[in-house]
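Colleague: I should like to go through the terms applied to this structure and hear the grounds for each.

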Amino acid sequence: MAAGGGADGALPELGRYIVARPIYNEVNFQEENERRLVVPKTLRERVQKTCSCSKKKAIQVTKTLLPILEWLPKYRVKEWLLSDVISGISTGLVATLQGLAYALLVGVPIGYGLYSAFFPILPYFFLGTSRHISVGPFPVVSLMVGSVVLSMAPDENFRVLSSNLTGLNKTLIDTDARDAQRVLISSTVSFLVGIIQLLFGVFQIGFIVRYLADPLVGGFTTAAAFQVLVSQLKIVLNVPTANYNGVLSIIYTLIEIFQNIAKTNIADLIAGLLTIFICMVVKEINDRFKHKIPVPIPIEVIVTIVATGISYGADLEKKYNAGIVKHIPSGFLPPINPAVGMFGDIIASSFSIAIVAYAIAVSVGKVYATKYDYAIDGNQEFIAFGISNIFSGAFSCFAATTALSRTAVQESTGGKTQVAGIISAAIVLIAIVALGKLLEPLQKSVLAAVVIANLKGMFMQIGDVPRLWRQSKADAMIWVFTCIASIILGLDLGLLAGLVFALLTVVLRVQFPSWGSLGNISGTDLYKSIKEYKNVVEPEGVKILRFSSPIFYANIDGLRSSLKSTVGFDAMRVYNKRLKALRKIQKLIKKGKLKATKNGIISDFGTANEAFEPDEDPEDPEELDIPTKEVEIQVDWNSELPVKVNVPKVPFHSLIFDFGAVSFLDVVAVRVMKTILKEFERIDVKVYIASHLDHIIKTLEHCAFFDDKIKTEIFFLTVHDAVLHIQNQIMHRDIQDPIFEKISLMQESTEPIDLLETHQNEELDVQEEAMRRLAS
């Protein structure tokens, strides 16, 4: 509570607070504060609640599965319709060009890119929860699909012998059969990706994407941008190269491109370079003056129209052997069945594509959802994209997600809802039905250049690495490792390697967490690291250890190591050294060199004390199990001993574990903690645990942590509670210590002291008595 004001009505000093309360350990806190009784529901009750149905629940479930029922009735026609129409037309033009361009990445005929820009939008309009993303092809996902397509249907599988009039045989590639097989593979991949995404959504496991951290996604997409750049470079240059896939494929492709660089088609190169330059300049203008330009300049559309006109008018194919689109089918193809027999070969790649496609879409969607204050349902997005990909896969499309540039166009041109998306689909539909033939003279190098120009945003992510390095070196290493692995190993293996590396960094950070010895800031209840703060003082006779991690089997050695560093010794070694000293004292007593009394141990008067012998005898564990009888003797283990045994000093009497950052303990950790408590109890050090979470007590109870000696009284709500309790105990404790090593050495006494008044001649075996107390 805040400190109150004085009697004169002065305002209270709000910069300080004063609290008066009892010292709480777990027991007395539970006595004063009653817990809420939580009765867990039975399995039958949970199933009954899940399967129960009411009108309200039915409506809620229907709106969850069909989000359009939630936002369409609230659609503001007068305010939003015009903006959505303008946005839809602009986005549709861009989607048309990007669909054609991204088909090159997949390795299928260009016309199928138009189908992939049209069909996925239709299911998402009804099922998606994002109002702003533009659904369709994306270069990274297209390239991942293309790697599967090229690995399963390489050109070598479709070589045929052809005879000419001279009788010479020539090897040709059956392009019709090759293209048909590649379309079947890409559509089957899309279908299987949709099934995986749908299952993830149905079983509510959208959380799996959380393991794709932002640094990992950034490194992966940057590597994918390099892969896309190289794959499109050969199209811009129009040089013949083989289709490589897998490990080091990008290296092999670059080598072959430079080997054949002399065969570059100048017309395609000039068209490509001009397209890249113009697109990037105009996109930069759009970004810098987006507040002044009502609608971004659709430069891809303008460049494509101009390039098509130039190619047609100059007849670039015949005069300069330029590579052109040639044929774009008009209308739609009938639905086809997926090749179920391929599922076994493409399941691993499809899983990667499903996760990456979803992660990209949800990441982009959340940006705009936050900006416009609405929520995205992750599991429903899985369902929406799953059904979209299943539906589009049946119509010969490749896998869809969202494109950053296309979504930016849809949002920046005023798009408010997915009405803009459905209008963009209508624009693509017009291109499929009526405008496809007009684009047949278009050079492929122009489409490849459009793809490269749209990679600028992904390449700019390289600038994140220095910032990440300053903020978190581990995250920066994840970014760099994932990027390099994806470039060298390929996108599928690279993503897997990056994910494993990211998880490994988490494991290492948990396995080797931060820890520190704490001290008190004078006059407060605050405890900070004694290494980091100057005005921090350790409480007298108390050591405080904070371990900032869950404690489990992997880091239990780290806990022991940090404990040893904090206290300065190994409790088990101290205990064994004390036993060794007791054995030597026993030998000297039997030789008559020392005498045991109830006040301690003394040497014979006038006799040389031979007790100071070198500590060279090996420890004999067999001497520990000697039956003995009760004894009252004392030894001050921190003073000079009559035997030359190096017994480490224990300069404190209490040890506190700060469990404020310990979220859980496993069975191994509970067992080790119990061992630690017993080890320190045997050397007269009391152990306390403070700032623990409530469920830690339940875990300890379930693991049989508590017994006759270890009770819940050692658990305190805060470190300060434990320290105050220890100080109170020190003030009121009895002089006599009940632990077995109650021996004090009296080396300077000149006359013997009787051990017992009624039995003066009774011999006393110190070793036996100490061992008996130890065994108990």
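Modeller: Let us begin with accessibility: a residue is buried under 20% relative accessible area, exposed over 50%, and partly exposed in between. The model is a predicted one.

Colleague: Why is Lys456 called partly exposed?

Modeller: Lys456 has a relative accessible area of 27%. Partly exposed covers what lies between under 20% and over 50%, so Lys456 counts as partly exposed.

Colleague: What makes the contact of Lys456 and Glu284 a salt bridge?

Modeller: The N to O distance between the side chains of Lys456 and Glu284 is 2.4 Å, and a salt bridge requires a side-chain nitrogen of Lys or Arg within 4 Å of a carboxyl oxygen of Asp or Glu. Lys456 belongs to helix H20 (residues 456-459) and Glu284 to helix H12 (residues 266-288), so the bridge ties together parts 172 residues apart in sequence. Glu284, at 26% relative accessibility, is partly exposed.

Colleague: How do you know that Asp464 and Arg467 form a salt bridge?

Modeller: Their N to O distance is 3.7 Å, and the limit is within 4 Å; the pair therefore qualifies as a salt bridge. Both residues lie in helix H21 (residues 464-471), 3 residues apart, which is about one turn of the helix. Asp464 is partly exposed at 27%, and Arg467 is partly exposed at 34%.

Colleague: What makes Arg21 and Asp721 a link between distant parts of the chain?

Modeller: Arg21 is in the segment before H1 and Asp721 in helix H28 (residues 719-732), 700 residues apart. The closest N and O atoms of their salt bridge are 2.9 Å apart. Arg21 is partly exposed, with 41% relative accessibility, whereas Asp721 has 3% and therefore counts as buried. The whole structure holds 21 salt bridges.

Colleague: Why is Glu26 classed as buried?

Modeller: Glu26 has 7% relative accessibility, so it counts as buried, the cut-off being under 20%. Glu26 lies in helix H1 (residues 26-32) and touches Arg35, His692, Ile697, Thr712, Phe715 and Leu717, residues up to four places away in sequence being left aside. Its C-alpha atom is 5.6 Å from that of Phe716, 690 residues apart along the chain.

Colleague: Why is the pair of Phe569 and Phe680 called tilted?

Modeller: The angle between the planes is 45°; stacked applies under 30 degrees and edge-to-face over 60, and the rest count as tilted, so this angle falls in the tilted class. The centres are 6.2 Å apart, and the limit for a pair is within 6.5 Å. Phe569 is in the loop between helix H24 (556-567) and helix H25 (571-590), and Phe680 is in helix H26 (residues 667-681), 111 residues away along the chain. Both Phe569 and Phe680 are buried.

Colleague: How do you know that Ile484 qualifies for the nonpolar patch?

Modeller: Ile484, in helix H22, has 44% relative accessibility and so counts as partly exposed. A patch residue needs over 30% and no salt bridge, and Ile484 is among the patch residues. Together the patch residues have about 980 Å² of accessible area. Helix H11 (249-259), helix H22 (473-489) and helix H23 (491-511) each supply at least two of them.

Colleague: What makes Asp373 exposed?

Modeller: Its relative accessible area is 71%, so Asp373 is exposed, the cut-off being over 50%. Asp373 sits in the loop between helix H15 (343-371) and helix H16 (378-393), and its phi is near 60°, a positive value in a residue other than glycine.

Conventions: Residues numbered from 1 in each chain as written. Predicted model: local features only at pLDDT ≥ 70, side-chain atom pairs only at ≥ 80, totals over all residues. Heavy atoms only, no water. Patch = residues over 30% accessible without salt bridge, like charges linked within 9 Å, V, L, I, M, F, W, Y side chains within 5 Å. Areas by Shrake-Rupley, 256 points an atom, 1.4 Å probe, with all protein chains shown as cover. Helix = DSSP H or I, 4+ residues; strand = E, 2+ residues; numbered from the N terminus. Buried < 20%, exposed > 50% of the residue type's maximum accessible area, 1.4 Å probe, protein only. Phe/Tyr/Trp six-rings, centres within 6.5 Å; stacked < 30°, edge-to-face > 60°. Contact = heavy atoms within 4.5 Å.
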